[in-house]
Amino acid sequence: MKFIKYLAPAVALLALAGCDDKSDLGVMQTNPQETLVPLANAINVTNTLPETLSLEQYKDKVVPVVTYQLFDSVPEGATGMFDFELASNEDFSNAVTFTGLDAENGAAGVSAAEWNSALRDFYGKAPEARDFYVRAHTYIVVGTQVSDLGYKAAKKVSVTPLDLGYVIENAYYLVGTLNGNNIATSMIFSHSDKNVYDDPVFTIKFKVTDEQAAAGVMWKVVPESSFKANTTNGLYGTFAEGETAKSGSLVLGGNYGKIVTAGQQSLTINMEQLTYEIADAIECLYTPGNSNGWNPGGSLTLTTENYINYTGFLYLNGEWLLTPEPNWDNKYTSAGDGKIEYNGGPNLPVPAEGAGLYWTDVNLESLTYSTTHITAAGLIGGFNSWGGDVDLTPSDNFLVWTGELNLAEDSEWKIRFNHDWGINLGGDTDNLVINGSNINTPAGSYIVTLDLTNHPYKVTLTAK
């Protein structure tokens, strides 16, 4: 039997005939009609895949999927060719198609690399067996004639992907100075709800005192298997003993790293790339100042998603400061021209616009900050064709804004500031976020109350 490699599937039953009425001999030339292939009982296709398949067995090869046999009714010289559909749904509604390739022992199939790519697209990178549904889109070719025989030989197969070449455990722990170097009491890293192979990043946060920083906080990473066995075997560390670099490579059986920075810290590890990064992990910035009686714990806060940029609305009516905790142990002060420094100079000045509400952005990496004066807050949405704003009225400290929203029909809307999209709030009414999604509200008339006093920011709708 002969199998053909090809670039694209044929889609119709073709029979070609041609003529040329301008022959030099004055006689019309004709090409005889090729014999049409009968579609019924033309080919027997057998799916030869086992119920369980390991792609590693066919690494850098073609996985044989089918063999076939042409019946005697098919003209001599005919051959079969195939497209293969792979799907995770039994009805093939999410199928991907691969061109059939010659395989060993007179079979046709799909390359292991292509199949592995489809497995990752459907199921992610976890090295686990997954169900696939496979079928062959079958054709018979005789000269220039291609007959489409539809789908044949469907089968369900459990497929194990190619070996990734590395193992990521379900959990990792931190051991060292902070827990007396005791494996049994190691502190667990946090992780997302994704599979660890699809998200190999783990993070842990902890506080380092000035005394601990001066002495150096030693650390290593403990895989779950070592933690459960209560052994120091199989730990990850750094190349050099006492390495103080804030980023680098993790080494199996490596040395202790050392943290020499005080304050709230985070250690992030990537167990696919085997890297680590240490960074300040200040949960929020407090803003004591003239507006709140210089009370860190009673001040408005700036929040972060990356421990670099801290943002939020502040009411400022005089000088102010930034503190990483609700106390006066440490503070960020003014370094002039929109810059800050740690435990340095004077208080931060009130912005040039004077007392009022300010959208504030602080960058702890570049040690800079900026303020945008908020003079208006308004509602905009489908109810007014997203044109113009229904202005809200502020409280004396500009942290609570109220107004009316009248919807003739169900509508989407948002809150924006200064009649511009540069700063806008959306999302859940109990958890408003900058640039959040549109807010959906049923038809009706409402009293709207926007509260910027605490995080998360909220908007309340009260039916009139």
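**Exercise 1. What percentage of the 464 residues of the protein count as buried?**

Solution. The model is predicted: local features need pLDDT of at least 70, side-chain atom pairs count only at pLDDT 80 or more, and totals for chains, interfaces and linings use all residues. Residues are numbered from 1 along each chain as its sequence is written, and side-chain values use heavy atoms, with hydrogens and water left out.

Step 1. Buried means under 20% relative accessible area, exposed over 50%, and partly exposed in between (1.4 Å probe, protein chains only).
Step 2. By this criterion, 42% of the 464 residues count as buried.

**Exercise 2. Set the radius of gyration of the protein against that of a compact globule.**

Solution.
Step 1. The radius is taken over C-alpha atoms, and the globule rule is 2.2 Å times the number of residues to the power 0.38.
Step 2. For 464 residues a compact globule would have a radius near 23 Å, but the protein has 34 Å.
Step 3. Along the principal axes, the C-alpha atoms fill a box of roughly 105 × 65 × 50 Å.

**Exercise 3. State the secondary structure content and describe the sheet that contains β31.**

Solution.
Step 1. Helices (H or I, at least four residues) and strands (E, at least two) are DSSP runs, numbered from the N terminus.
Step 2. The protein has three helices and 38 strands.
Step 3. Two strands pair if DSSP finds at least two bridges between them. An open sheet of four strands follows the order β31-β32-β37-β38, with antiparallel pairing.
Step 4. β31 and β38 stand at the edges with a single partner strand each, so one side of each is left without a neighbour in the sheet.
Step 5. Inside this order, eight bridges join β32 to β37; the bridge partner of W401 is L450 in β37.

**Exercise 4. Locate F398, Y307 and P456 and describe their backbone features.**

Solution.
Step 1. F398 lies in the loop between β31 (393-394) and β32 (400-407). Although F398 is not a glycine, its phi is positive, about 65°. The relative accessible area of F398 is 26%, so the residue is partly exposed.
Step 2. Y307 is found in the loop between β23 (301-304) and β24 (309-316). Its phi is near 60°, a positive value in a residue other than glycine.
Step 3. P456 belongs to the loop between β37 (444-451) and β38 (458-463). The peptide bond from H455 to P456 is cis, with omega near -5°.
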